[in-house]
Structure formats: C-alpha cells, structure tokens
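Reader: I'm new to reading protein models, and the labels confuse me. Could we go through this one and ask where each label comes from?

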Amino acid sequence: MTKTVEYIFDFAGPNGYLAWYPLKEIVERTGATLVVTPVLLGGMHKLTGNSPPMMRDADVKGKVAYASLEFNRFLDRHGMTRFTIPKAFPFNSILLQRVLVAAADEEERQALIDALLPAVWERGLDCGDVDAVAAELAAAGFDAQRLLEATQDPEVKQRLIDNTEGAVERGTFGIPTYFVGEEMWFGKERLAQLEEYLGGGKP
C-alpha cells in the first residue's frame, strides 16, 4: 500500500527550502505520495510559544554557531549552491501561503512551490510585493490574476488559519514537519529516518 507523506510547509522557513528537494527525491525513491499542507510559521510560533532558533538559542554558548555549521554542511551535501538569505529576513509569507491554499489541486500546489522557492531563497523575492509575486507567477506559467485574487477570498484565508491550528493540534511546532499517518518527524535532519520508515532504506 502506498504511503502518503504530508509536508507541513511555509515559505518563511529556510529549512523548508532545504528539505523540499531531498524530500521529493525520497518520495520518488520510495514510491510514496506527497501532499503539502500550507501553514503560517509565525502563527504556529504564537500558538506553541516557539521562536526561531537564532533567537531562542542566542544566549547558549556555541549553539548558534554549531547550527550554522550544520546548516552549511547540509547545503554542501545536497549541492544547494544558489541558496542565499534574503535581505528582508525574517519576512511575512502570508501572501505566498494563501497562494498555495488557493491552488487548484495538489499538482499545482507543488508546482507553485517549485517555482517560488528559488524566487524567495535564491533570488530574494519580496514576498509582500504583490506585483513582484505576480510577475514570478506569470513567468512560471501560472494564472497570476486568479491566484492573487483568491488570496483575498475569506474561505482561503480561513483555510490557512485552520491548517495552522490543525497542525499545532497534531503536535507541529516548526518547519519542516512531515507526517505519515499519525507518525511525525521534524527537521531536515530527520529525512533519513523518514525514508527508512517509508521502506526505502537510508539515503
């Protein structure tokens, strides 16, 4: 029976970028099905009392420096040479998250991530600039007008809130988080464990 991996995702988290590409490879290797649940990381932090690691661990000697080392090791291992931290970081991702919610189906949702992740984390897209987002969407072949108009739909707005609250209720506290049924994994460092669970062995 094919397993389904649910990816709890927000463009705002750099680890969401890092995990996306190896996760897709794992899904392909194991024959699993991937579905994406867009959430708001900021809302998740408020609901759980969590905060970004660089803020949370700022007073712990050596921890932020080690996290940076591990982060760069991951980039090197996966050949992510184009990754860069946007000048406007942290940023509000609500517009892009609503675009994901407004996607026509799962295929379009994942295609949107494929198109927008590089725009955000390689080219520094201003996620709050509607015109810039529209240009990226149009350049990637999407109906920018349809998607951006949908971001103002009360149902789309509420669904993003519901997704966030629902993910927290299930135990999610940050990005990236993955579910297979009720089993949960957190962090890019857990991808090997996820693949092992799916039956594909360690990468």
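Reader: What makes strand 1 and strand 3 a pair?
Author: First, keep in mind that this is a predicted model. Two strands pair if there are at least two bridges between them. Strand 1 and strand 3 have three bridges, in the antiparallel sense. One of the links joins Ile-8 to its bridge partner in strand 3, Thr-177.

Reader: Which other strands pair with strand 1 and strand 3?
Author: Strand 1 also pairs with strand 2, in the parallel sense over six bridges. There, Phe-9 has Pro-38 of strand 2 as its bridge partner. Strand 3 pairs with strand 4 in the antiparallel sense, over four bridges, and Phe-179 has Met-184 of strand 4 as its bridge partner. These two strands form a hairpin with two residues between them. In that turn, Gly-181 has a positive phi of about 65°. Most residues other than glycine have a negative phi.

Reader: In what order do the four strands lie in the sheet?
Author: The order is 2-1-3-4, in an open sheet with mixed pairing. Strand 2 and strand 4 (183–186) are the edges: each has a single partner strand, so one side of each has no neighbour in the sheet. From one strand to the next, the twist averages 25°.

Reader: What packs on that sheet?
Author: Helix 10 (residues 191–198) does, touching strand 1, strand 3 (177–180) and strand 4. Its direction makes about 10° with that of strand 3.

Reader: Which way do the residues of strand 3 point, and are they buried or exposed?
Author: Thr-177 and Phe-179 point one way, Tyr-178 and Val-180 the other, and all are buried. In a regular strand the side chains alternate between the two faces of the sheet.

Reader: Why is helix 1 called oblique to helix 6?
Author: Start with the angle: helix 1 (residues 14–30) and helix 6 pack at about 135°, with their axes 11 Å apart. Over 145 degrees would count as roughly antiparallel, and 65 to 115 as roughly perpendicular. The angle fits neither label, and the two helices are therefore oblique to each other. Helix 1 passes helix 6 in a left-handed crossing.

Reader: Which residues meet there?
Author: Pro-14, Gly-16, Tyr-17, Trp-20, Tyr-21 and Lys-24 in helix 1 meet Gln-110, Ile-113, Asp-114, Leu-117, Pro-118 and Trp-121 in helix 6. Sorted by class, the contact of helix 1 with helix 6 has eight nonpolar, two polar and two charged residues.

Reader: And what about helix 2 and helix 9: at what angle do they cross?
Author: Helix 2 (residues 41–48) and helix 9 (residues 154–169) cross at roughly 45°, and their axes come within 10 Å. Under 35 degrees would count as roughly parallel, and roughly perpendicular starts at 65. The crossing angle lies between those limits, and that makes helix 2 oblique to helix 9. Helix 2 passes helix 9 in a right-handed crossing. The contact is built from Gly-43, Met-44, Leu-47 and Thr-48 on the helix 2 side and Thr-164, Glu-165, Ala-167 and Val-168 on the helix 9 side. In classes, that gives four nonpolar, three polar and one charged residues.

Reader: How do you know whether Leu-116 is buried or exposed?
Author: Check its relative accessibility against the cut-off: buried means under 20%. Leu-116 sits at 0%, so it counts as buried. This residue is in helix 6 (residues 106–121). Beyond its neighbours within four places in sequence, Leu-116 is in contact with Phe-11, Leu-96, Leu-125, Glu-136 and Leu-137.

Reader: Why is helix 5 described as largely enclosed?
Author: Because seven of its eight residues (helix 5 is residues 94–101) are buried. They are Leu-95, Leu-96, Gln-97, Arg-98, Val-99, Leu-100 and Val-101. What covers them includes strand 1 (4–9), strand 2 (33–38), helix 6, helix 7 (130–139), helix 8 (144–150) and helix 9.

Reader: Last one: where are the cis peptide bonds?
Author: One joins Phe-89 and Pro-90, with omega about 0°, and Pro-90 lies in the loop between helix 4 (63–77) and helix 5. Another joins Ile-175 and Pro-176, with omega about 5°, and Pro-176 lies in the loop between helix 9 and strand 3. Most peptide bonds are trans.

Notes. Residues are numbered from 1 along each chain as its sequence is written. This is a predicted model: local features need pLDDT of at least 70, side-chain atom pairs count only at pLDDT 80 or more; totals for chains, interfaces and linings use all residues. Side-chain values use heavy atoms; hydrogens and water are left out. Axes are lines fitted to C-alpha atoms, for helices over the stretch in contact, and angles run from 0 to 180 degrees between N-to-C directions. A crossing is left-handed if the near helix is turned anticlockwise from the far one by less than a right angle, and right-handed if clockwise. Contact means heavy atoms within 4.5 Å. Ala, Val, Leu, Ile, Met, Phe, Trp, Tyr, Cys and Pro count as nonpolar, Asp, Glu, Lys and Arg as charged, and the others, Gly among them, as polar. Buried means under 20% relative accessible area, exposed over 50%, partly exposed in between (1.4 Å probe, protein chains only).
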